[in-house]
Structures are given as C-alpha cells and as structure tokens.
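Q: Please take a close look at one part of this predicted model, the second largest pocket and what lines it. After that, I would welcome a careful account of other local features.

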Amino acid sequence: MSTTPPPAASPAAPPAAPPTPPSSATTPDPVDERIPLRRLAPLAVQHVLAMAAAPVSTVFLTAGALRLTGAQSAALLSAVLVLSGAGSLLQSLGIWTFGARLPFVMLPGGAATALFIQTAKDHGPAVASGSVLLAAALLLAVVPLYARIVRLFPPLVMGVTVLLIGIAMIRVAAQLIAGPTGNPPPRAVVLAGVTVAVTLAAYLLLRGVWRQSAVLIGMAAGTLIAVATGLGTFAPAAGSGFALPHPFPYGTPRFDLLAALPLLLFSLTTLAEITGQSVLNSETVGRAADPGRDVPKIARADALTSLFAGVLGTSLMVTSSENIGIGRLTGVRSRYVTAAAGGLLVALGLLSPLSRAVAGLPPAVVGGSALVVYAVIAVMGVQMLARADLAEGSRSMVAALALAVGLLPVLAPNLYGAFPGWVRTVLGSGVVAGTLAAVLLHALFAARGPDRSGTEKPDRTPGT
C-alpha cells in the first residue's frame, strides 16, 4: 500500500488579465510606419506626379525670363529636381536638428522664384544668386528668434506680400509671351491662350493627382499643339547621358543688401507659413502639433537646402504642403513615402533626356503656364487677406494703404526715377515697399490698441 500522500489541490488560477493595448515600442506611430516596397513605389510616384509641376514650371519661368540657352535650362532643371528631392529626404528623415521627420516635400517657392526673377532682371543673375545665399543665411540666423519674428507677419501682412508678388509676376508672364521686343506675333498670344485653356480644362475635368498636374498637362498639350499647327517649335537641348547641376552658373555671386531686400523679407515671412504647415501636417498624421519643436527644424532644413540652391543658380527652396492632400486621400501617413518620392526626384534630376527635352518648350507655352501659376499666387494672397477679417477695425486701412504703396511702382515704374539709388531699390520694388508698409502700419495700429468700438480682434498667425 502506498504511503505517498495524494497531491495537494492546486490553488485556483487567477482570472486572466485583460489584454493590454500594444505599446508604442511594438506598434510604430503611423508617421514612422515602414511601407513594403510593393506599396511604397506607387505611393511615391503619386507624390512625384503631384509635385512635379512646381520645379518644372519654375525652371521654365526662370529660363524664359533670363533668356537662358537650352543647355543652361537643362542644367537648371537638373539642379531644381535634385534640390527638391534632397530637401524632401531631409525633411522626411531628419538629420540632427534639420528636418521635422514629418511627411513633407520641398519645392522651389513660387513667390520666391518670382522675387528671384525680378532681382535678376533688375540687378543681374549674379546678384540674385547672392541674394538667395543672404536670405538663406538670414533664415538660419533668426531661427532662435522664431517666436518674435513670426508675430511681425500675421495673415494681414502676408496677404499683402503674396498678392503683390502675384500681381508683379503676372506682368512678367505677359513679358514672356510678348518676347524681347514687346510686340508678339498673334500666334504667340494664341498659343499662350490655348495653353491656359487646356490647363483650365484639365483642372475642371480631372481628379486627384491628375488635377494637381494640370499645369504640366497644359504645357505638354500646348507644346504638341504648337508643333502640330506651326504656332511654335519644340527644340530640346543637345546632349545625352546624365545631367549634372552646374555650380555658380551665372558666375561668382554678388552680394547687395538693398537688392536682396525682397528675398530677405520673404525668408522671414516663411516662418509664419511654416507654422501653419507644421500644424496642418501634424494634424493630418495624427501627431500632436508642436510648432515650437517642429518649425525651427523645418526652417533649418529649408535654409540649408536654399544655400545649395544659391550655389546652383535657383531661388529659395521651401517646404510645401502640396502632398498633404494626397496623404489624406490615401490614408497613408508614413514619412517614408515622401522620402521615397525625394529619392525619385533626385534620380529624375540626373537623367539628362528629361531635363534636355523640357528645356525645348516654346516660350509662349511657358508664358501661358506662367499666367496660371502667378494668378494662383495672387489669389493665395487674397485668401490670406480674407483670413485677416478686413471688416474688423483698422485692418482694412492697413491693407489698403500697404497695397497702394506696393502697387505704385508696378503701375508707375518711373515714379522714383529721380530719387537716390537706395530709394529706388527699396521703394521701386512693389513687394518690398508694400511689405514694409504693411509691417509698420500693422505694428502702429497694434500699439495704438483696439478701436474705441471695442470690436478689434487679435490678428494671429496660425499655430502661434
């Protein structure tokens, strides 16, 4: 008979604990999600299609205004595409304190390009390149003062600035159509009109990425129509293989602080624009918005890329929100998608056949596309002014007087002809004169306090 005691009853097992939600250590934030290559490639191509119009149209406008050769235009397009791609990689992946590690792309700024062209026409492209370098250095220097600088450029001031840029550059677009003599043949005007019409039709009839590429579609269709009807010619630049950007294509940059004022002021206004974009992008990807953390990183990346832009002969590069709409449509929030798009842009920039082909578009087609691009910039200024609520108190007076000061040199180019050179440089630029007037008048009325009616509301920049 066994003397081994029976096994003791085991204690009742404790109730199972409820499953805990996955921690951030196992489930990455959506913005940090790594996308499989089979999904990453088409998503990246979609972003490239949506953003390609900006660098291509920028080069056409610059090449047309500065009368660059086909080879120079091809090299410039290569530089702009490479810079756009490298900037997108920097913003998306982030290195040290450069780049916010959000799904941003970087593009040549439309307003910045307009100012670069105007500076080059007034003072020469070497001065324009030097102005880009000065503006990029200024942006790097003022990043620690971000909170103070951004208050100088609320929507009221930025609206005046952007509207004046758009108006001034519509005039440049007209000059592209008119040609060097100012007396265009009827076929040039007709071809520009056809390009605008096709762009409008593409925007009205297409959707998604194709609608965002309406400017590119208008350019391509305008060129085909020009060749088919004899309204213009298509003459790609000679060459093959890879296209490498050329440093200092206009010679050694020249530094002129007065001539650089338009771009210097613009570089400061970008801080306000970056603030709104960082808030919008953070909300899109589900990350808590923190302009104090993100804006300096974005601005540093913009400034660093713009320094290379000055070396390679183009204007300031700016972080863009053009891709945010695609992120919302697809539901993909990963920053690696925009990083992959940046890599594709770098590759495209180094492919010589592409850059040399687009360098041969007819000038009237470029002018027609420019009308659309710059008109959109002017409307953006109107939208900014609408956000400033001009019905409130003295804001309508600030906008009215600043626009008057800015429009005077546009409508009467010789108004300051008898004044000293520095006066002509400052007041003769509608953008500079109008922006300075808006900043000073806004500060004056803000120091005065609210209207006696007590209806004045604070004019705040988004995200501040």
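A: Helix α4 gives the most to the lining of the second largest pocket, contributing seven residues, and in this predicted model the pocket has a volume of about 680 Å³. The lining is made up of 29 residues, and those closest to the centre of the pocket are Gln118, Asp122, Gly428, Ser429 and Gly430. Besides α4 (110-123), the elements that give two or more residues to this lining are α7 (155-178), α11 (257-285), α17 (395-411), α18 (421-427) and α19 (430-448). Sorted by class, the lining of the second largest pocket holds 15 nonpolar, 10 polar and four charged residues.

Helix α11 appears again in the lining of an enclosed space, since the structure holds two cavities of 30 Å³ or more, and α11 is among the elements that supply at least two residues each to the lining of the second largest cavity, together with α5 (125-142), α12 (291-312) and β2 (317-320). The volume of this second largest cavity is about 60 Å³, and α12 gives the most to its lining, with three residues. The residues that line the second largest cavity are Ala136, Leu139, Ser267, Thr270, Asp302, Ala303, Ser306, Leu316, Met317 and Val318, which by class amount to six nonpolar, three polar and one charged.

Turning to single residues, Thr338 is found in helix α14, which spans residues 335-350, and it counts as buried because its relative accessibility is 1%, below the 20% cut-off. The side chain of Thr338 makes a polar contact with the side chain of Ser92 at 2.7 Å, while a polar atom of the Thr338 side chain also lies 2.9 Å from the backbone oxygen of Arg335.

Two loop residues deserve a note on their backbone. Most residues other than glycine have a negative phi. Arg67, in the loop between α2 (53-66) and α3 (70-93), has a positive phi near 55 degrees, and with a relative accessibility of 49% it counts as partly exposed. Trp96, found in the loop between α3 and β1 (105-108), likewise has a positive phi, near 60 degrees, but Trp96 counts as exposed because its relative accessibility is 73%, over the 50% cut-off.

Definitions and conventions: Residues numbered from 1 in each chain as written. Predicted model: local features only at pLDDT ≥ 70, side-chain atom pairs only at ≥ 80, totals over all residues. Heavy atoms only, no water. Helix = DSSP H or I, 4+ residues; strand = E, 2+ residues; numbered from the N terminus. Buried < 20%, exposed > 50% of the residue type's maximum accessible area, 1.4 Å probe, protein only. Polar contact = N/O pair within 3.5 Å; in protein donor to acceptor, adjacent residues only side chain to side chain. 1 Å grid on protein atoms, 1.4 Å probe; cavity = no way out; pocket = protein on both sides within 12 Å on 5 of 7 lines; lining within 4 Å. Points joined across faces, edges and corners; volume = space filled by probe spheres on them. Nonpolar A, V, L, I, M, F, W, Y, C, P; charged D, E, K, R; others polar.
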